[in-house]
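Trainee: Got a few minutes to go through this model with me? I'd like to take the sheets first and then the ligand.

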Amino acid sequence: MRGLMMDTPLLLQNIAEHAVCNHGGREIVSVTADHDRHRYTFAAAMERARRVTALLDSLGTTPDARIATLAWNDFRHLELYFGVSCSGRVLHTINPRLFAEQLVYIVNHAEDEWVFFDVAFTGLLESVATQCPGVRGYVAMTDAAHMPESSLPNLHCYETLLAAAQPVAGWPEFDENTASSLCYTSGTTGHPKGVLYSHRSTVLHTYAMALPDSAGLSALDCVLPIVPMFHVNAWGYPYAALMVGAKLVFPGHRLSEPELLVDLITEEGVTIAGGVPTVWLPVLDYLRRSGRNLAPLNRTVIGGSACPLAMIEEFREAHDVTVLHGWGMTEMSPVGTVNRPNANTADLAGEALRAHVVRQGRALPGVELRIVDEDGEELPRDGSCFGALQVRGPWVCADYYHPEAPSAAHHEGWFDTGDVAIIDADGYVKITDRTKDVIKSGGEWISSIDLENVAMSHPRVRECAVIGLPHPKWQERPLLVVVSDAADDALAAELLAMFEGRVAKWWIPNDVAFVESLPHTATGKVSKLNLRRAFDEYRFPDA
Ligand code: ADP
């Protein structure tokens, strides 16, 4: 028997309309290249988003056109998030840190019709424009006074177009499975792969984001997305903030300036911020040196790579900020798990608490998780077995956008995350490694993330990574690679001694190497692939 409830499609325009009706006066603050602090309201933002739809119509874009953005976190990008998707077109956010050839590949693969861009990326686009013949024109996201001198063909000014557009009266209703946005994975090997989100998947993910045991967002919050809007929809914060009525603060192109981030947090009343661990390292360093605090901030969502224990503890002890350690991936919209206490873990203290907070958390309702062995057999959730982590659910990618070959990542309805994990009886997940970064010593696995956590707790270690390198006897052994201003033999010996009693003896790295800096991917994670390449010639002292 079918239920008799209204079959209202789950569309992003419902979030926009709800935001305007219920929180129309809520503020959005942005730092941009042409404004120190631009301020306006949700109502003004959505009025301009309706103008975006009108201007896309007037530019003659097709009904399901892919519209690319090459832009930082600010109010104009937010207008495109809604104005493009709510018109039925697809917002294709591009990571400007990609190599030029990857950028060309994805613009052509997505068949982008128009590219909207921040003025800072003019030169980058000029250098690739002739290789992207399908692009019909470019729109610089600025006003007439700040238009760049440029050779880009068919170049327009965003503010001029917007001023001339009459906002559409309302957005159309269509099937909730219509594509809303497109984001390519950074593709450490092979071509980047496109993940095509739908209105339905994005709306469901937005609801899950706001739940108390997730980011726990409310109308009293003020959200600072430091995670870029070109990476997995800034983890969904722009949609979630509008849905619940939380004030939004965007750092623009200055998202890696610690002083500005702290200014924004303290002056705008930010209560929750989200970003990868590498953006927080310089912020904590700046706070230590300046003696400033993070007063209104009470929690921060950290994920994208493992959040070091030392970071979680420093946030709590020095700033009374709770780190919500989360895990996810582009293919999961992106959030899969968040570490929030339950009745069994709320009162943990001491070593048990330390072991607990580094876990990536429990699955959000809607996400199913399992770990499997090499034959695809499900492994128990006993807190000790580790296996390949698989997921499924309404905001998990079913297939890539126009794949060149059938995807190898899907197994009988499950998506293979490429991560190795442990799950305990309460459903808490602990990621031990990426499958391709796993260290196999004498046939047994060593978790590089556990080792990095130990080393990061040393005050002289700025950043570190553990990689597996070939060893004649053990197949592979761990090497600890460290960035420190006190790089010498004494520190190396101290670091190795720290592992004693904290990890199994045979896990202790065979050696320590110091480097000026670690290689990072376009999304700010340590690139272990490039690090292993850099240590290609390295031989362990006992090898
Ligand atoms: P890419 O690295 O290609 O940009 P994603 O940003 O989608 O892709 O990265 C997803 C991967 O990042 C996950 O599969 C996992 O390996 C890693 N990751 C994300 N969050 C965490 C976390 N909290 N702890 C450990 N690894 C994480």
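What follows is a run of questions and answers on this predicted model.

Trainee: Let's start with the seven-stranded sheet. Which strands stand at its edges?

Mentor: Read along the order, β7-β6-β5-β3-β4-β8-β9, an open sheet with mixed pairing. An edge strand has a single partner, so one side of it is left without a neighbour in the sheet. That description fits β7 (155-157) and β9 (194-198).

Trainee: And how much does that sheet twist from one strand to the next?

Mentor: Think of it as an average taken along the seven strands, β7 through β9. From one strand to the next, the twist averages 25°.

Trainee: Which residue in β7 stands opposite Ala140?

Mentor: Strands in a sheet pair through backbone hydrogen bonds, either parallel or antiparallel. Here β6 (residues 137-140) and β7 go parallel, over three bridges. Opposite Ala140 in β7 you find Cys157.

Trainee: What about helices on this sheet: at what angle does α7 run to β9?

Mentor: There are a couple to look at. Helix α3 (residues 75-85) lies across β3 (66-70), β4 (90-93), β5 (112-117) and β8 (179-184), at about 145° to β4. Helix α7 (residues 199-210) lies across β8 and β9, and its angle to β9 is about 75°.

Trainee: Now the nine-stranded sheet. Which strands are at the edges there?

Mentor: This one is open with mixed pairing too, and its order is β2-β1-β11-β10-β12-β13-β14-β15-β16. Again, a single partner means that one side of an edge strand has no neighbour in the sheet. The edge strands are β2 (35-41) and β16 (362-363).

Trainee: Which residue is the bridge partner of Glu27 in β2?

Mentor: Strand β1 (residues 27-32) pairs with β2 in the antiparallel sense over five bridges. A hairpin of two residues joins them. Across from Glu27, the bridge partner in β2 is Thr41.

Trainee: And at the other edge, what does Val338 pair with in β16?

Mentor: β15 (residues 335-338) and β16 are antiparallel as well, with two bridges between them. The bridge partner of Val338 is Arg362.

Trainee: Any odd backbone spots? Which peptide bond is cis?

Mentor: Most residues other than glycine have a negative phi, and most peptide bonds are trans. Val232, in the loop between β10 (222-225) and α8 (237-244), has a positive phi near 45°. For the peptide bond, look at the loop between β14 and β15, where Pro334 is found. With omega near 10°, the cis bond runs from Ser333 to Pro334.

Trainee: On to the ligand. Which strand gives the most residues to the shell around it?

Mentor: The shell has 17 residues, with Gly326, Thr330, Asp419, Arg434 and Lys525 coming nearest. By class, that is three nonpolar, 11 polar and three charged. Both β14 (322-328) and β20 (414-423) supply at least two residues. With four residues, the one that gives the most is β14.

Trainee: How far is the side chain of Asp419 from an oxygen atom of the ligand?

Mentor: Start with two other contacts. A ligand oxygen is 3.1 Å from a side-chain N or O atom of His231, and a ligand nitrogen is 3.0 Å from a backbone N or O atom of Gly304. For an N or O atom in the side chain of Asp419, the distance to a ligand oxygen is 2.5 Å.

Trainee: What share of the ligand's area does the protein bury?

Mentor: Taken alone, the ligand exposes 570 Å². Of that, the protein buries 92%.

Methods. Residues are numbered from 1 along each chain as its sequence is written. This is a predicted model: local features need pLDDT of at least 70, side-chain atom pairs count only at pLDDT 80 or more; totals for chains, interfaces and linings use all residues. Side-chain values use heavy atoms; hydrogens and water are left out. Two strands pair if DSSP finds at least two bridges between them. Axes are lines fitted to C-alpha atoms, for helices over the stretch in contact, and angles run from 0 to 180 degrees between N-to-C directions. Contact means heavy atoms within 4.5 Å. A residue is near a molecule or strand if one of its heavy atoms lies within 4 Å of it. A polar contact is a pair of N or O atoms within 3.5 Å; within protein, one must be able to donate a hydrogen and the other to accept it, and residues adjacent in sequence count only if both atoms are side-chain atoms. Accessible areas come from the Shrake-Rupley method with a 1.4 Å probe; for residues, only the protein chains shown count as cover. Ala, Val, Leu, Ile, Met, Phe, Trp, Tyr, Cys and Pro count as nonpolar, Asp, Glu, Lys and Arg as charged, and the others, Gly among them, as polar.
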